[in-house]
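Let's take a walk through a protein model together. Keep the picture open as you read, and look up each spot as we get to it.

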Amino acid sequence: MLYEADAHEPLIERGWDAAWVRDAIAAVAADAGDAYDPATLWPAHEWDGWSAALPLKSLYAGAAGVALGLDMLRRRGLAEPAVEPADAALAALAAFRAEPDFLTVGELPEQKQSALLAGESGILLVAFLLTGEEEHAAMLLQRIRENVGNPANELMWGAPGTLVAARIALERTGTDEWREAVEESAAAVRAARDPDGLWTQELYGHTERLLGPAHGLVGNVAALREPGDAAAILTRSAVVEGAHANWPPALGDGKLRLQWCHGAPGIVLHAAGYLDDELLRAGAQLVWDAGPLGDEKGAGICHGTAGNGYALLRAFERTEDEAWLERARAFAVHALAQSARLPSRYSLFTGGIGVALFAADCLEGRAVFPVLEGT
């Protein structure tokens, strides 16, 4: 079996309605504005905050990610948040420095402070983007340089993630200082690549060789922008059944998942530029035929309905077949309704803000996965 069928649910019957989608996006932003408190930031969902110091501050599941998402929606003319995103980003940075919200389970890298999605680098990046203040850029540069050589070798904690941050800062500033930072991080990520084209991840007390975007091959390739042997690796490691394809989280791992962080959705989304065409279509077809993720996984972009929907949107970009856009939009409608039905979750990667950004991309017919592909 290529996926766990009981983790998915049927699509709702509501059709695509751009006006309804815009109203639902605005409602997500309005809810986030109403729930914000300058002292305590946003309430944490039980799953997100079960082993971390509250409030949550990170780019992945905390206030920095919500602030960035609200700013992105505002710049696209889809929301007028009651909270000023820059103020929320600065509050998140101050709160993180007072008490970091790292996981308290599992072994974390020595350079955990510098992580993009779970550490201070991501919060500093958002603070810099939203305020333009040089002090945040200077501290971000320091954190990125400290993260060179991180044995995690993946996007959430390692140098590939801070390479993404360095590229974003270079695009914003165009300075030689940031160009050198990109080159330094890229050289480190390139040097850490194994001879067979994969990377080895040392994280949470385990040593693995992962394939997906959050912790493995396709995420590192997206950061480095050098596919190398990635296409051949993904061809060899694909599990194909008829018109469907999926990928295990790691080489030698027989447990298949179907979500952005592990499995076909993230691989189709981020490897579309070099993935074999038949495999891309087979991976996207599996996402569509499996249907949206159920309530346990939720609606978000990391391991929920919206994240899987991004694969359908990228399939449209790659093939120019309007059927894939219609399918992506069906997932967007479902994800928005699912997010509204479930308890509010204030998080870029696991909550409603990420869902709103996916729906916004479906309005425009383009896939720009937050942070990794655009801010």
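Where in the chain does Glu320 lie? You'll find Glu320 in the loop between α13 (305-319) and α14 (322-341). Before we go further, keep in mind that this is a predicted model. Now look at the backbone at this spot: the phi of Glu320 is near 60°, a positive value in a residue other than glycine. Is Glu320 buried or exposed? With 66% relative accessibility, Glu320 counts as exposed, because the cut-off for that is over 50%.

Let's set Leu41 beside that. Leu41 isn't a glycine either, yet its phi is positive, about 60°. This residue also belongs to a loop, the one between α1 (18-35) and α2. The surroundings are another story: Leu41 has 2% relative accessibility, so it counts as buried. To be called buried, a residue has to come in under 20%.

One more backbone oddity sits further along. Which way round is the peptide bond from Leu54 to Pro55, cis or trans? That bond is cis, with omega near 0°. Pro55 itself is in the loop between α2 (46-49) and α3 (63-75).

Time to head inside. The largest nonpolar core has 138 residues, and the members that touch the most others are Trp42, Trp178 and Trp247. Which helix gives this core its largest share? That's helix α15 (residues 352-364), which supplies 9 residues. To get a feel for the packing, zoom in on Trp178. Leaving out residues up to four places away in sequence, Trp178 touches Ala137, Leu140, Leu141, Ile144, Ala166, Ala169, Leu170 and Thr173.

Nonpolar residues turn up on the outside too. Trp50, Leu103 and Val105 make a nonpolar surface patch of about 290 Å². Take Val105 as your landmark: look in the loop between α4 (85-98) and α5 (120-131). Val105 has a relative accessible area of 36%, so it is partly exposed.

Next come the charged side chains. How many salt bridges does a search of the whole structure find? The count is 23, and we'll visit a few of them. Start with Glu84 and Arg74, where the closest N and O atoms are 3.1 Å apart. Glu84 is in the loop between α3 and α4, while Arg74 is in helix α3, and the two are 10 residues apart. Both partners are partly exposed: Glu84 has 31% relative accessibility, and Arg74 has 25%. These two also have company, since Asp71, Arg74, Arg75 and Glu84 are linked in a network of salt bridges.

For a longer reach along the chain, find Glu364 and Arg76, whose side chains meet in a salt bridge at 3.4 Å, N to O. Glu364 lies in helix α15 and Arg76 in the loop between α3 and α4, so this pair ties together parts that are 288 residues apart in sequence. Glu364 is partly exposed at 43% relative accessibility, and Arg76 is partly exposed too, with a relative accessible area of 22%.

Our last salt bridge joins Asp295 and Arg341, at 2.9 Å from N to O. Here Asp295 comes from the loop between α12 (277-290) and α13, Arg341 comes from helix α14, and 46 residues separate them. Asp295 has a relative accessible area of 39%, which makes it partly exposed, and Arg341, at 48%, is partly exposed as well.

Finally, let's check the cysteines. A disulfide is a covalent bond between the sulfur atoms of two cysteines. How many disulfides does the structure hold? The number is 0. Have a look at Cys261, though: its nearest cysteine sulfur belongs to Cys302 and is 3.9 Å away. Why doesn't this pair count as a disulfide? The two sulfur atoms would have to be within 2.5 Å, and at 3.9 Å they are not, so Cys261 is in no disulfide. Cys302 is in no disulfide either, and the nearest cysteine sulfur to it is that of Cys261. Both residues are tucked away from the surface by our cut-off: Cys261 is buried at 7% relative accessibility, and Cys302 is buried with a relative accessible area of 5%.

Terms used:
Residues numbered from 1 in each chain as written. Predicted model: local features only at pLDDT ≥ 70, side-chain atom pairs only at ≥ 80, totals over all residues. Heavy atoms only, no water. Helix = DSSP H or I, 4+ residues; strand = E, 2+ residues; numbered from the N terminus. Buried < 20%, exposed > 50% of the residue type's maximum accessible area, 1.4 Å probe, protein only. Core = buried A, V, L, I, M, F, W, Y, C linked by side-chain atoms within 4.5 Å. Contact = heavy atoms within 4.5 Å. Patch = residues over 30% accessible without salt bridge, like charges linked within 9 Å, V, L, I, M, F, W, Y side chains within 5 Å. Areas by Shrake-Rupley, 256 points an atom, 1.4 Å probe, with all protein chains shown as cover. Salt bridge = Lys/Arg side-chain N within 4 Å of Asp/Glu carboxyl O.
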